Amino acid sequence: MRMKKIFLSLLLSVCISSFVFSQSCNSYLLLQNNKKVEMTIYNKKGKENGKQVWNISNLATTGNTTSATVNTEFFNDKGKSINKGSSQIQCSNGILMMNMKLMLSEDQLKQMGDGSATAKGEFMEYPPTLKQDDVLKDGNLVMDYNMGGMKASMELSVTERKVTGKESVTSPAGTWECFTITSLQKLTTKIAGVGIPMKLEVTEWFAPGVGVIKTESKYGTTLITLIQ
């Protein structure tokens, strides 16, 4: 009888853990089926420069891993659609795995045309719990494409990721308690074997269980302004 109670207790613990992980994953904005998330893009002077809209589909959960398709559409400052694409996002045991293609700008995606990302390093991790001075895992994405008959590639590496503080962020879409995460992003475009690197310091405002709410660099800011 004692062994039976221990077994039932362990089984209940496993079930509760699986439920908690599932709930943690399903709370992320980009892992909610049919959810629409609109991120406004501002230039370095604070003027609206366009929007990036995400529509979520194909939500699926297997074990402790939840995945979904993020359908992306870019609009210019006049509201005209200028580019579309899609990518996968995942969450396992509460760890959000963001597809790094979502970090690329409309101009970068348009340049690549039908380029496809390699599986290696495609996802960048965001742990479910954070604290000041945490150092997070690097991210790396490589995409190969054809540019006018020439082989080309684009590599995005995100390094020196560190939690630097905690701030509240408010927008027309809501208010979130966020951790600030700073990083160094290096984007290298190679055409015919010649590399053109660009480095950028970026700050993200990440709300655990929700996602990246805001980003900022010397070129401007992005901010979630609508959730439907």
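Q: What do buried, exposed and partly exposed mean here?
A: Buried is under 20% relative accessible area, exposed is over 50%, and partly exposed is in between (1.4 Å probe, protein chains only). This is a predicted model, where local features need pLDDT of at least 70, side-chain atom pairs count only at pLDDT 80 or more, and totals for chains, interfaces and linings use all residues. Residues are numbered from 1 along each chain as its sequence is written, and side-chain values use heavy atoms, with hydrogens and water left out.

Q: Why is K137 called exposed?
A: K137 has a relative accessibility of 55%. The mark for exposed is over 50%, so K137 earns the label.

Q: What makes E125 and K137 a salt bridge?
A: The term needs a side-chain nitrogen of Lys or Arg within 4 Å of a carboxyl oxygen of Asp or Glu. For E125 and K137, the closest N and O atoms are 3.6 Å apart, so the pair fits the definition.

Q: Which parts does the pair of E125 and K137 tie together?
A: E125 is in strand 7 (residues 123-126), while K137 is in the loop between strand 7 and strand 8 (139-147), so the linked parts are twelve residues apart in sequence. A strand, by the way, is a DSSP run of E with at least two residues, numbered from the N terminus.

Q: Why is E125 called partly exposed?
A: Its relative accessible area is 24%. That falls between the two cut-offs, so partly exposed is the right word for E125.

Q: How do you know that E38 and K51 form a salt bridge?
A: Their side chains meet with N to O at 3.5 Å, and the limit is 4 Å, so they qualify. E38 sits in strand 1 (residues 36-43) and K51 in strand 2 (residues 48-62), so this pair joins parts 13 residues apart in sequence.

Q: Why is E38 called buried, and why is K51 called partly exposed?
A: E38 has 14% relative accessibility, so it counts as buried. K51 comes out at 21%, so it is partly exposed.

Q: What makes K131 and D134 a salt bridge, and are these residues buried or exposed?
A: Their side chains meet at 3.0 Å, N to O, so they pass the 4 Å test. K131 is exposed at 54%, whereas D134 is buried at 17%.

Q: Which residues are joined into one network?
A: Salt bridges with shared partners join E38, E48 and K51. The structure holds seven salt bridges.

How values were computed:
Helix = DSSP H or I, 4+ residues; strand = E, 2+ residues; numbered from the N terminus.
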